[in-house]
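Welcome! Keep the viewer open, try each exercise yourself, and then read through the solution.

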Amino acid sequence: MNATSDAPPYGRILRLEELLEAACVREDDVERVLFLATHQSCEIFFAVVLRHLEAVREALDAGDGVLAARRAAPLPVIFRTLIGQFDGLATLTPSAFEVIRTALGEASGFQSAQFREIEYLCGLRDTRFLNTAGFSPAERDRLRARLEERSVQEAYRDYAASGPDRESADAARRVLLDFDEAMAMWRARHAVLAERFLGGSTGTAGSDGASYLWMAARRRVLPEVWAELA
């Protein structure tokens, strides 16, 4: 008998029925389906990014720059994938976007607790985001816990100061810069999309819309890694 014959089938491994039900892909409004699925996909990838960043931090703390680079390698690829998803949203008509936006009410991607976790875990720790309206008590607790944790940036700083071999240090630095750069490009693509649909209007949940996103695109989540190049 084949050794894999008792393994569960593809759909059960991926828990597809539960996933597709949660994804609301069977709603009548196909444009709303596209909008929601794109954001849900982002949140799934954000969860993956958090796992990899934790692994990067662990490898750096262990003094293994090569392993840190390997664990970080998917991160820029993930954010480039997310950039491509915005291209799908750009196919919405302005009227369709306005209908979806109105139905969102106060809900906003600004309320992505996982994205703030990514920033906090990296080391970009703006505590003002703890007061974001719409976060659940559990999400605020997770963010506070991230503030207490050692950041990836701190782990990299101590690793670089430990005198690692040049090749390993360069490998770790290069992939962390690639990740930070991909995040900046993702933010910029988001800003372009917001500008396409909103112009200079207020964004969801009362944010400053495209102008806020352009400002955010200038942030670096790992500024000390960039500063090392100066």
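**Exercise 1.** Which elements of the protein chain have the lowest and the highest mean pLDDT?

*Solution.* Start with the ground rules. This is a predicted model, in which local features need pLDDT of at least 70 and side-chain atom pairs count only at pLDDT 80 or more, while totals for chains, interfaces and linings use all residues. Residues are numbered from 1 along each chain as its sequence is written, and side-chain values use heavy atoms, with hydrogens and water left out.

Next, the term: pLDDT is the predictor's confidence in each residue, from 0 to 100. Helices (DSSP runs of H or I, at least four residues) and strands (runs of E, at least two) are numbered from the N terminus. Now the result: helix H11 (residues 210-216) has the lowest mean pLDDT, 81, and helix H4 (residues 65-72) has the highest, 98. For the protein chain, the average is 90, and 93% of the residues score at least 70.

**Exercise 2.** How many helices and strands does the protein chain contain, and what does its C-alpha trace span?

*Solution.* First, count the elements: there are twelve helices and zero strands. Then look at the extent: along its principal axes, the C-alpha trace spans about 60 × 55 × 35 Å. Finally, check what is covered: of the 230 residues, 40% are buried. Here buried means under 20% relative accessible area, exposed over 50%, and partly exposed in between, using a 1.4 Å probe and protein chains only.

**Exercise 3.** Which helix gives the most residues to the largest nonpolar core?

*Solution.* Begin with the meaning: a nonpolar core is a set of buried Ala, Val, Leu, Ile, Met, Phe, Trp, Tyr and Cys residues joined through side-chain atoms within 4.5 Å. The largest one has 60 residues, and Leu53, Leu60, Phe79, Ile118 and Phe179 touch the most other members. Several helices supply at least two residues each, including helix H3 (30-61), helix H5 (74-89) and helix H10 (166-198). H10 gives the most, with 15 residues.

Now zoom in on Phe179. A contact means heavy atoms within 4.5 Å. Leaving aside neighbours within four places in sequence, the contacts of Phe179 include Leu53, Phe79, Ile118 and Val221.

**Exercise 4.** Is Tyr212 buried or exposed?

*Solution.* Locate the residue first: Tyr212 is in helix H11. Then read its accessibility: the value is 14%, so Tyr212 counts as buried. Beyond neighbours within four places in sequence, Tyr212 is in contact with Phe110, Arg116, Phe129 and Arg219. Ala216 is also found in helix H11, and Ala216 is buried with a relative accessible area of 2%.

**Exercise 5.** What is the relative accessible area of Arg57?

*Solution.* Find Arg57 in helix H3. Its relative accessible area is 15%, so Arg57 is buried. Setting aside neighbours within four places in sequence, the residues in contact with Arg57 are Leu121, Glu149, Arg150, Ser151, Val152 and Ala155.

**Exercise 6.** Where does Arg15 lie, and what is its phi?

*Solution.* Remember the background: most residues other than glycine have a negative phi. Arg15 sits in the loop between helix H1 (10-13) and helix H2 (16-22). Its phi is near 50 degrees, a positive value in a residue other than glycine. At 51% relative accessibility, Arg15 counts as exposed.

Cys24 also has a positive phi, about 60 degrees, although it is not a glycine. Cys24 lies in the loop between H2 and H3, and at 27% relative accessibility Cys24 counts as partly exposed.
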